[in-house]
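Here is a short briefing to read with the model open beside you. Take it topic by topic, and look up each residue as you go.

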Amino acid sequence: MAAVELKRVALGKVRWARRAAVGQTNVGLRLLAVGLSVAVWEAGTGGLGWRPLPPALLPSPGETWQSLVGYARSGLLALDVSRTLTQAFLGLALGMATGTALGVALAYARRLGDALEPLLAALNSLPRVAVAPLLIIWFGLGITSKVLLAFFTVVFVIFMNTYSGVRSVDPDLVRAVQVMGGGSRHVARWVVLPWVASWVFAALRTSISLALAATVTGEFVGSTHGLGYRMVLATGVLDTPRVFAILLVLMTVGYAVVEGARRVEAYLLRWRPELTM
Amino acid sequence: MGRGGGGAALSLRVEHLSLRYATGVEVLQDVSLEVAPGEFVSVVGPSGCGKSTLLNVVAGLADRRADVERSGRVTWNGREIHTASDWVGELGYVFQRDTLLPWFTLHQNVELGLRIRGVPREQREQRVRELVRLVGLEGFEHVFPHQLSGGMRQRAQLLRTLAYEPKVILMDEPFGALDAHTRLGLQREVTEMWAQLRNTVLFVTHDLTEAIVMAQRVVLMSHRPGRVVQVYEVPFGYPRDPIELQGRREFALLHAEIWQGLAQEFRAQDAEREAERLGV
Ligand SMILES: Nc1ncnc2c1ncn2[C@@H]1O[C@H](COP(=O)(O)OP(=O)(O)OP(=O)(O)O)[C@@H](O)[C@H]1O
Ligand SMILES: [Mg+2]
């Protein structure tokens, strides 16, 4: 049993070393990259006493920051962020639920699936933002039109992934469970569900970005709140620092959400070799 | 076929089984075989002769498949087997391919059969702990399959089947990826366990020594399309010591005899391939 002990220790050590290495490269270099970007931006907008473009075209980091602080103090920032995120998440949740259900149903109902596959694939290749004006006409400037736009943007992606996921379940794994005496309930819970979940998670990260982008686009087209709406207002009066501030907010929010999703995914799919390596 | 007789209705019977794939490949040709209850039979034959296919048919995995056409029957206790569910949980199958569920840990994989049978958690834990110790996998219970070596995965698959003590066990080269030392240990463990439980075992291997050392009878299959060429009785009782057996004269004689038959199949296979290459 000594050999077993040794192997276990070795396994632990390798993992530990890997994590340490990733940690070191990350923090230092990444902060440096962010710092350098800001420095270049500052240098190009008057930091070195030379300013080729006026603030109305390209504001400096300081001007952007000031505008951001003003935005936050007015209380509108929190309101807009929560409005935009709420819409994006509602759309995402609806899209996940519908897309997964539809994907599973059509994958099992083979005939129907075969019949509908080309139609759904065509809908999937339609540029989703193109329906934004239509949704505004139908559902008004409120939250519904944005939720629906986000929903339409993600539902096909999720559907397609679920559908291909169910169809590509490894038949040998199904057989292994059947041979042990497992019924269709066991097969569904132990084989199909985890397998499909891994496909849905793979689509989740892209879907989050898509939902956010769709919501902001919807707000551009017609709304009364939200980051996209505030951006349209600022553009109208050539308040470029405010536009930059909003872009920064969008970037930060988007990054935080996607990074969160990535971590959840890495944990849930830790059984996959490529993700733990 | 050797024994048969009184226990016929209770045994595992393969009758006049022929099978071809839609690709046109004829894989099995009129295979008949009877395994008495509690008997340990091993199957040897050239690679690609249809050993895995035979086990798949017995397990009920070959029917209702568009790419397979078969005739003949498989019965267990007189009941005809068409699908895996016809075994009503009395079958265990150690596949040649790795079929551990990758999202479950070793422990979770091994206890699947027990969960299907509604065994309470504490009993499952205890059973898994025993089994894991038996094959030297302690410390790896909560590790995912991709973090195990090939040999460890193979042992895990074996445990997954042994865990719920099925009445009939099919094993398809279960020790194929193991080093000589582990292999010898497992041959002994499995033979010992079988001698106690007396399940009905059909054991496919490409290792003739292993086939003789473990089984009561050895079935020699022909090259493709697979037929039963001959069935050999192994004249040793249990408990057996694999190493000690190999030193015996009877072992050497039997090994030489079966080997002759096997070598003839190899030669026939080579000759056929050569003819195909030159002819077409
Ligand atoms: N799904 C399939 N479709 C078509 N042909 C197949 C299929 N599965 C197996 N075969 C063919 O059937 C033959 C027998 O395959 P099988 O896996 O039963 O052989 P085997 O005796 O187990 O060989 P080995 O000892 O190498 O495992 C092979 O020639 C193989 O090419
Ligand atoms: Mg095989």
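The notes below go through the ligand sites, a sheet, one loop residue and the helical chain.

Please keep in mind that this is a predicted model. In chain B, a magnesium ion (ligand 2) has two protein donors, B:S52 and B:Q96, and 15 residues surround ligand 1. Chain B also has an open sheet of four strands, while chain A comes to 11 helices and zero strands.

**The magnesium ion**

- The protein donor atoms are OG of B:S52 and OE1 of B:Q96, and they lie 1.9 to 2.2 Å from the ion.
- B:S52 belongs to helix α1 (residues 51-59) of chain B, whereas B:Q96 sits in the loop between β6 (91-94) and α2 (106-110), so the pair ties together parts of the chain that are 44 residues apart in sequence.
- Are these donors buried or partly exposed? B:S52 has a relative accessibility of 23%, which counts as partly exposed because buried means under 20%.
- B:Q96 is partly exposed too, with a relative accessible area of 44%.

**The surroundings of ligand 1**

- Which residues come nearest to ligand 1? They are B:S47, B:K51, B:S52, B:T53 and B:R224, out of the 15 residues around it.
- B:S52 therefore appears in two places, as a donor of the magnesium ion and among the residues that come nearest to ligand 1, and it lies in helix α1 of chain B.
- Helix α1(B) gives the most to this shell, with three residues.
- Sorted by class, the shell holds seven polar, five charged and three nonpolar residues.
- On the side-chain side, a polar atom of B:R224 is 2.6 Å from an oxygen atom of ligand 1, and a polar atom of B:K51 is 2.8 Å from an oxygen atom of the ligand.
- The backbone takes part as well: a polar backbone atom of B:G50 lies 3.0 Å from an oxygen atom of ligand 1.
- Ligand 1 taken alone exposes 650 Å², and the protein buries 68% of that.

**The four-stranded sheet in chain B**

- The strand order is β2-β1-β4-β5, with antiparallel pairing.
- Why do β2 (26-35) and β5 (79-80) each have one side without a neighbour in the sheet? Both stand at the edges with a single partner strand, so one side of each is left free of a neighbour.
- Strand β1 (residues 12-21) is joined to β2(B) by six antiparallel bridges, and to β4 (residues 68-76) by eight bridges, also antiparallel.
- B:R13 is a handy residue to find on screen: its bridge partner in β2(B) is B:E34, and its bridge partner in β4(B) is B:T75.
- Two bridges link β4(B) and β5(B) in the antiparallel sense, with B:W76 opposite B:R79 of β5(B).
- The hairpin of β4(B) and β5(B) has two residues between the strands, and B:N77 takes a positive phi near 55° there.

**A loop residue in chain B**

- B:L178 is located in the loop between β7 (168-172) and α6 (180-197).
- Its relative accessibility is 11%, so B:L178 counts as buried.
- From C-alpha to C-alpha, B:L178 and B:L131 are 18 Å apart in space, and they are 47 residues apart in sequence.

**Chain A**

- Along the sequence, chain A reads α-α-α-α-α-α-α-α-α-α-α, in keeping with its 11 helices and zero strands.
- Of the 277 residues in chain A, 38% are buried.

How values were computed:
Residues are numbered from 1 along each chain as its sequence is written. Chains are lettered from A and ligands numbered from 1 in the order in which they are written. This is a predicted model: local features need pLDDT of at least 70, side-chain atom pairs count only at pLDDT 80 or more; totals for chains, interfaces and linings use all residues. Side-chain values use heavy atoms; hydrogens and water are left out. Donors are N, O and S atoms within 2.8 Å of the metal (3.2 Å for Na, K and Ca); water is not among the atoms, so sites may look incomplete. Buried means under 20% relative accessible area, exposed over 50%, partly exposed in between (1.4 Å probe, protein chains only). A residue is near a molecule or strand if one of its heavy atoms lies within 4 Å of it. A polar contact is a pair of N or O atoms within 3.5 Å; within protein, one must be able to donate a hydrogen and the other to accept it, and residues adjacent in sequence count only if both atoms are side-chain atoms. Accessible areas come from the Shrake-Rupley method with a 1.4 Å probe; for residues, only the protein chains shown count as cover. Ala, Val, Leu, Ile, Met, Phe, Trp, Tyr, Cys and Pro count as nonpolar, Asp, Glu, Lys and Arg as charged, and the others, Gly among them, as polar. Two strands pair if DSSP finds at least two bridges between them.
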